[in-house]
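Here are some comments on the model, set out as numbered points. They begin with the ligand and its surroundings and then turn to charged pairs within the protein.

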Amino acid sequence: MKLKLVKTIPTDKSVIYLINKKNKLTKLTFTKAELDFIQQKLKDEATQITINHYSKRSYIQIIENDKPAHIIKENLRKAANKLLATINDHKEKEIIIVDEDSNSELAIAFAEGLTLGNYQFLKYFKDSDKKSSSLKTINIFGDKISQNEVDQIQNTAVAVAYARDLVNEPLSYLTAPKLAEEIVKLGKEAGFETEVFNKKKIETLKMGGLLAVNKGSIDPPTFSVMDWKPKNAVNKKPIILVGKGIVFDTGGLSLKPTKNSMDYMKSDMGGAAAVVGALYAIAKNKLPIHVIGLIPATDNRPNGNAYAPGDVIKMHNGLTVEVLNTDAEGRMILADALSYAQKYDPELVIDVATLTGAAAAAVGSQGIVCMGNAEEKTFEKLKKSGENVYERLVEFPFWEEYGEMIKSDIADLKNVGGSYAGAITAGKFLENFTDYPYIHIDIAGSAFAQTADSYRGKGGTGVGVRLLFDFIGKWANK
Ligand code: BES
Ligand code: ZN
Ligand code: ZN
């Protein structure tokens, strides 16, 4: 989708008018009959009104004014997605959003809903052209909207689409080496540097967790390092984002029971997709902040050489881990990446991972679980960004006592806790590999939508991209 800022309203194209109920409609160029029709609809509490002019249409979207700003914006994104169905039914290729209210944030939110909602993953269909939705260009007309705002929303929507593509790609295409290749390609497009460590290098670095999970695989592991370091960076110490890159999770020898639990495990690199998408958006929008992304990647599957329950693994930082469940593989690969992050002396490290069924069970598809030892005000900022982009976070406790649950009889740690607090014990496990301010984000519930969820669509949601972009953008401006 192309987004453009326009200075005139073309007369031959369909227009979406964003209208605050308080404002007078007479400013608009409607006939008396049309205005009467609109007034009648408004009396009936309509929020979306379509007026058909045969070759083009006017769509009227009523903006709420009695709710908090972030709710109004989210409702507009959702309304945009609803209107999108009508727009595509009418085979519109190009539309104009006219912001009568002159509130740039609202027009941008509406454009965002249209763009994100219009995403499709058609690569594997024979007749993908026929299935492709008609809308290709959104023009935005509004005196208060800047080119920069339009560019930002365009770049970020592209980043979300790339993240969704990565999640939607099955293992038959997206192996760990392929994921690394895709990261290099996106880096070239967006402007960040990428270095990919191969299995040899990973062995040299003694990343025992990543190597253990990879033992059952037929493909080698990869470890991708993305670096966005602009000359005008406001930070001396980098912010590091770490993403879980399990390209498919069978559970390994502790095999997942097939029905339902394994079907969508191609999405187990949703954390990696979020981090790659965030770096793409950060670099493409040239944010003045030094950010590094780390992606440990492999699939997790059983074979004759697979790591087994009871194995003791020596990790990158020298700690030993007793593996009691090979399905708790995410923490094994993330631990090595978090430990590797120490060498940068980072200002803050955030990992994003589809880590536990427990997090998904606790907050479902609408929530994101977070926890960590970073300052409370950092969490406040992250949660604020979460509300703003509507990828909302719930903070879980990170009390010391939970650490007791992952003590092993024969090694420094074990990779599973008890039957309770599974999301937290996973986070506490990871904390052992950090020596900096740290936040762990578990997106197990929201990375993949099995049923369509408004503009988030069905399949990979790209959750985390807009959250991290918003958070880091504000960090750069603090
Ligand atoms: N990838 C899964 C977590 C997951 C579950 C993500 C559902 C998305 C939806 C993870 O690797 C896993 O299997 N975790 C186990 C850990 C347990 C064995 C301690 C889990 O949550 O059951
Ligand atoms: Zn697993
Ligand atoms: Zn997993």
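1. How far is a nitrogen atom of ligand 1 from a polar backbone atom of Leu355? In this predicted model, the separation between that ligand nitrogen and the backbone atom of Leu355 is 3.4 Å.

2. Side chains also make polar contacts with the ligand: an N or O atom in the side chain of Asp268 lies 2.9 Å from a nitrogen atom of ligand 1, while an N or O atom in the side chain of Asp327 lies 2.8 Å from an oxygen atom of ligand 1. Taken on its own, ligand 1 has 520 Å² of accessible area, of which the protein covers 75%.

3. The shell around ligand 1 consists of 15 residues, and those that come nearest are Lys256, Asp268, Asp327, Glu329 and Gly357. By class, the shell holds 7 charged, 4 polar and 4 nonpolar residues, and the space that ligand 1 takes is the largest pocket.

4. Turning to the protein itself, the count of salt bridges comes to 27. One of them joins Glu74 to Arg456, with 3.3 Å between the closest N and O atoms. Because Glu74 belongs to helix H2 (residues 69–89) and Arg456 to the loop between strand E19 (448–449) and strand E20 (459–460), this pair ties together parts that are 382 residues apart in sequence.

Definitions and conventions. Residues are numbered from 1 along each chain as its sequence is written. Chains are lettered from A and ligands numbered from 1 in the order in which they are written. This is a predicted model: local features need pLDDT of at least 70, side-chain atom pairs count only at pLDDT 80 or more; totals for chains, interfaces and linings use all residues. Side-chain values use heavy atoms; hydrogens and water are left out. A residue is near a molecule or strand if one of its heavy atoms lies within 4 Å of it. A polar contact is a pair of N or O atoms within 3.5 Å; within protein, one must be able to donate a hydrogen and the other to accept it, and residues adjacent in sequence count only if both atoms are side-chain atoms. Accessible areas come from the Shrake-Rupley method with a 1.4 Å probe; for residues, only the protein chains shown count as cover. On a 1 Å grid over the protein atoms alone, a cavity is a set of points where a 1.4 Å probe fits but cannot get out, and a pocket is an open set with protein on both sides within 12 Å along at least five of seven lines; lining residues have an atom within 4 Å of a point. A molecule sits in a cavity or pocket if more than half of its atoms lie within 2 Å of its grid points. Ala, Val, Leu, Ile, Met, Phe, Trp, Tyr, Cys and Pro count as nonpolar, Asp, Glu, Lys and Arg as charged, and the others, Gly among them, as polar. A salt bridge is a side-chain nitrogen of Lys or Arg within 4 Å of a carboxyl oxygen of Asp or Glu. Helices (H or I, at least four residues) and strands (E, at least two) are DSSP runs, numbered from the N terminus.
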